[in-house]
Amino acid sequence: QVQFVESGGGLVQPGGSLRLTCEAPESVFLIYTMAWYRQAPGKQRELVASLTGAGATDYLDSVKGRFTISRDVARATVFLQMTNLKPEDTAIYYCYSEHADKWGQGTQVTVSS
């Protein structure tokens, strides 16, 4: 069973930072596109950031300049560094593998004072 496991979510004050981690079962998945999505209550799931096998990145407009997606192929891990967090960033964040067409279980991020 192919599983992707997210971690790193939590409660943070506005302006704070968090780093999310997605552990893939094997490094091979990281040579294809990996992405982070999020879903807030009552809203559709949206693409936050993606990272192609060639290293190209793309971001949701509202997180540009604040979020950074990266990977460590040797550790089969994808990261989402989030800075200057805002209450509207509150959501469940999911890791997605294009190659496996699989989602992780999600990790909750709550931005509140």
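## A tour from Arg45 to the core

Select Arg45 and Tyr94 to begin: Arg45 lies over the face of Tyr94, 3.8 Å from the ring centre. The model is a predicted one, and every distance below is computed from it.

Keep Arg45 selected and add Trp103. The charged end of Arg45 also sits over this ring, 4.5 Å from the centre of Trp103. The two rings can then be viewed as a pair. The centres of Tyr94 and Trp103 are 6.4 Å apart and their planes stand at 85°, so the pair counts as edge-to-face, the cut-off for that class being over 60 degrees. Colour by accessibility here: Tyr94 is buried at 11% relative accessible area, while Trp103 is partly exposed at 36%.

**The ring cluster**

Add Tyr37 and Tyr96 to the selection. Ring pairs join Tyr37, Tyr94, Tyr96 and Trp103 into a cluster. How many aromatic pairs does a search of the whole structure find? The search returns 5. Within one of these pairs, Tyr37 and Tyr96 meet edge-to-face, with 6.0 Å from centre to centre and 85° between the planes. Tyr37 belongs to strand S4 and Tyr96 to strand S9, so this pair ties together parts that are 59 residues apart in sequence. Tyr96 has a relative accessible area of 15% and is therefore buried, since the limit for that class is under 20%.

**The salt bridges**

Clear the selection and pick Arg38, in strand S4 (residues 34–39). Which residues share a network of salt bridges with Arg38? They are Glu46, Arg66 and Asp89. Measure from Arg38 to Glu46 and the closest N and O atoms are 2.8 Å apart. For Asp89 and Arg38 the corresponding distance is 2.9 Å. Asp89 lies in the loop between strand S8 (77–82) and strand S9 (91–97), so its pairing with Arg38 in S4 ties together parts that are 51 residues apart in sequence.

Are Arg38 and Asp89 buried or exposed? Arg38 is buried, at 5% relative accessibility, and Asp89 is buried as well, at 0%. Glu46 is partly exposed, at 30%. As a general point, side chains of opposite charge can pair when their charged atoms come close.

The count for the structure is 5 salt bridges. For one that involves an exposed residue, select Asp61 and Lys64, whose closest N and O atoms are 3.0 Å apart. Asp61 is exposed, with 60% relative accessible area, and Lys64 is partly exposed at 47%.

**The nonpolar core**

Finish with the largest nonpolar core, which has 28 residues. Select Trp36, Phe67, Ile69, Leu80, Met82 and Tyr93, the members that touch the most others. Then show the strands: S3 (18–23), S4, S5 (46–51), S7 (67–72), S8, S9 and S11 (107–111) each give two or more residues to this core. In soluble globular proteins, nonpolar side chains tend to be buried together.

Centre the view on Leu80. Which residues does Leu80 touch, not counting those up to four places away in sequence? Its contacts are Leu18, Arg19, Leu20, Trp36, Val48, Ala49, Phe67, Thr68, Ile69 and Tyr93.

Conventions. Residues are numbered from 1 along each chain as its sequence is written. This is a predicted model: local features need pLDDT of at least 70, side-chain atom pairs count only at pLDDT 80 or more; totals for chains, interfaces and linings use all residues. Side-chain values use heavy atoms; hydrogens and water are left out. A salt bridge is a side-chain nitrogen of Lys or Arg within 4 Å of a carboxyl oxygen of Asp or Glu. Buried means under 20% relative accessible area, exposed over 50%, partly exposed in between (1.4 Å probe, protein chains only). Helices (H or I, at least four residues) and strands (E, at least two) are DSSP runs, numbered from the N terminus. A nonpolar core is a set of buried Ala, Val, Leu, Ile, Met, Phe, Trp, Tyr and Cys residues joined through side-chain atoms within 4.5 Å. Contact means heavy atoms within 4.5 Å. Rings of Phe, Tyr and Trp (its six-membered ring) pair if their centres lie within 6.5 Å; planes under 30 degrees apart count as stacked, over 60 as edge-to-face and the rest as tilted. A charge sits over a ring if NZ of Lys or CZ of Arg is within 6 Å of the ring centre and within 35 degrees of the ring normal.
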